[in-house]
Amino acid sequence: MTVMLGSRMSVAQGVPTLRWLALIVLLALPAATPLGRTAPPARAVTASGSALAVELGTVTVSAELGQRFTFVSTIRNTGAAASTPAVAHLDVLSLDPDVYVDPEDWSADRTQYLDPTPAGSSTPVSWTVRAVNSGRLLIYVTVVEPELRDAVAVSAPLRLTVAPRDRLAGPGALPLAVGVPAVLLALALATGRRRRSLSRAGPASDTTTG
Amino acid sequence: MTTPTDSSARSVAGWLVVAERELRDLWVGGRGLWLLVAYASLLSVTSYLTATDQALNFLEQREAVNVTVQLTVAVGGLLVLLVAADAVSGERDRGTLETLLLTPVSRRSLVVGKSVAAMSLWFAAFGVAVPYLAYLARGVDLTGVAIVVGLGVGTLLAVCLAGYGLAISCRSGSSRFSLALSLFGLLAIFAPTQLPASVQRAWAGEWLQRIDPITAGLHYVSEVIVSGRPPARDATWLIGPVLAAVLAVAVALAIAGRLALRPGGRP
């Protein structure tokens, strides 16, 4: 029992030390082990298996409907070896669910084929688009290395605001649609009436034939 | 004895007289105006539906202008063809061709005068289309381009169709046959526009489109209006329409020189 008491007294004396030690280990654990994912670079996302990162030189653009503009994306090789041949692709989407965006209308050249990028270097890729939809839109670039499975790098989005033009459906649509045929109809009726009155007047005064 | 100067002066005066008569018959007689009423109604429906589409994006506005120009060219050309196809064969049907051939007007002057009346329909149709084009194109700054390109290409195609219709009319025994053959030919010329896109992109398909004056002309109009390309860049597409217009006029004048009371008879 004495031994037991002694043991208990020994254990009892060591408990505060053990508690402090446990506390220190628990506090140090998150810093020592990667419990959260490292946040990616602000403008580039590197896919697993690929050393390529895509960055856009421009973050926001304001344009008018119909305006053409050019921006540059930089494909950077962050790895220690040259990349494999890659394919860069441009896409456009609208933040308004009521706006239908057809990327083919924005640019006919949305895919570019890239040579291998040496380690540590970068390749600029230029894109020219025409703003054919108004509103708030996002443009982003993806890069795929076909020889690497599941390797897709995507850029941060370019935030685009396109100002609309005046809509066609102003007050002039209906008057135009009704007015032009009405004027021609009135002319046709007037001409017919004149021709009939001339016919009634006699053949000598009828100068029209057919 | 008439001098060459007297003959040419009479010839010039002759076609003017015929043209004035035909124009009066077409416009004062009322036929032309009723055709324009129907044509303007068609333009009104398509333009109004296009203009009231709230979701129209920028490219579709350009396409709306392009569709209106192409509709103008197509229907205007059809009107020209209808009048030209009836020009001589109609006189045969009505029994007035003999009287016409007895006048001191050369056969070629006769046909030229009738072609002037046919072409007047094209210019009138385009004039009717101008307000629609101006309204649709104002949002995309295309009014001037649409009018110039539409007038230029449309006039080339109208000349081609007028020559074609007159040639058939001179050789046809009846107006019915002349109209049927003319419309069949028009459908055949329009057929390449219905080819699948993959066929149109192949080298044979592209050459077929370039040779066909209608497809070549409409392709050029699309490239300038929808794609926004400079007019000179795709000017090679106009070679087909120009050659077709020249050929049609030459054939029509050659056939007109041998115009007889009955088709195939001695002039």
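**Two chains in a predicted model**

Colleague: B:Glu91 lies in helix 4 (residues 89-94) of chain B; in this predicted model, does B:Glu91 count as buried or exposed?

Modeller: The residues that B:Glu91 touches, leaving aside those up to four places away in sequence, are B:Arg21, B:Glu22, B:Asp86, B:Thr96, B:Leu97, B:Leu100 and B:Lys114. Buried means under 20% relative accessible area, and because the relative accessibility of B:Glu91 is 3%, this residue counts as buried.

Colleague: B:Glu22 is on that list of contacts, so to speak of its surroundings as well, which residues does B:Glu22 touch, not counting residues up to four places away in sequence?

Modeller: The place of B:Glu22 is in helix 1 (residues 4-28) of chain B, and at 11% relative accessibility B:Glu22 counts as buried. With residues up to four places away in sequence left out, the residues that B:Glu22 touches are B:Glu91, B:Gly113, B:Lys114 and B:Ala117.

Colleague: How many Å apart in space, C-alpha to C-alpha, are B:Glu22 and B:Ser115?

Modeller: Along the sequence, B:Glu22 and B:Ser115 are separated by 93 residues. In space, taken from C-alpha to C-alpha, the distance between B:Glu22 and B:Ser115 is 9.2 Å.

Colleague: Turning to chain B as a whole, what percentage of its contacts between residues at least 6 apart in sequence join residues at least 24 apart?

Modeller: Chain B holds 12 helices and zero strands, and of its 267 residues 49% count as buried. Its accessible surface comes to about 12100 Å², with 68% belonging to carbon and sulfur atoms. Among the contacts in chain B between residues at least 6 apart in sequence, the share that joins residues at least 24 apart is 80%.

Colleague: Which element gives the largest share of the lining of the largest cavity?

Modeller: The count comes to two cavities of 30 Å³ or more, and the largest cavity has a volume of about 40 Å³. Its lining is formed by B:Val73, B:Ala74, B:Gly77, B:Leu78, B:Leu157, B:Leu161, B:Leu186, B:Phe190 and B:Ile214, and the elements that give two or more residues to it are helix 3 (58-87), helix 7 (143-171) and helix 8 (175-190) of chain B. The largest share, four residues, comes from helix 3 of chain B.

Colleague: How many residues of that lining are nonpolar, polar and charged?

Modeller: Gly counts as polar here, and B:Gly77 is one of the lining residues. The division of the lining of the largest cavity is eight nonpolar, one polar and no charged.

Colleague: In chain A, which residues of strand 3 (residues 60-64) point to one face and are buried?

Modeller: In a regular strand the side chains alternate between the two faces of the sheet. Strand 3 of chain A shows such an alternation, with A:Thr60, A:Ser62 and A:Glu64 pointing to one face and not buried. The residues that point to the other face and are buried are A:Val61 and A:Ala63.

Colleague: Which residue in strand 10 of chain A stands opposite A:Thr60?

Modeller: Strand 3 of chain A and strand 10 (residues 158-163) of chain A run parallel and are joined by five bridges. Within strand 10 of chain A, the residue opposite A:Thr60 is A:Arg159.

Colleague: What percentage of the 210 residues in chain A is buried?

Modeller: Chain A contains three helices and 10 strands, and about 13200 Å² of it is exposed, with carbon and sulfur atoms supplying 61% of that area. Among the 210 residues in chain A, the buried ones make up 30%.

Conventions. Residues numbered from 1 in each chain as written. Chains lettered and ligands numbered in written order. Predicted model: local features only at pLDDT ≥ 70, side-chain atom pairs only at ≥ 80, totals over all residues. Heavy atoms only, no water. 1 Å grid on protein atoms, 1.4 Å probe; cavity = no way out; pocket = protein on both sides within 12 Å on 5 of 7 lines; lining within 4 Å. Points joined across faces, edges and corners; volume = space filled by probe spheres on them. Buried < 20%, exposed > 50% of the residue type's maximum accessible area, 1.4 Å probe, protein only. Pairing = 2+ DSSP bridges. Contact = heavy atoms within 4.5 Å. Areas by Shrake-Rupley, 256 points an atom, 1.4 Å probe, with all protein chains shown as cover.
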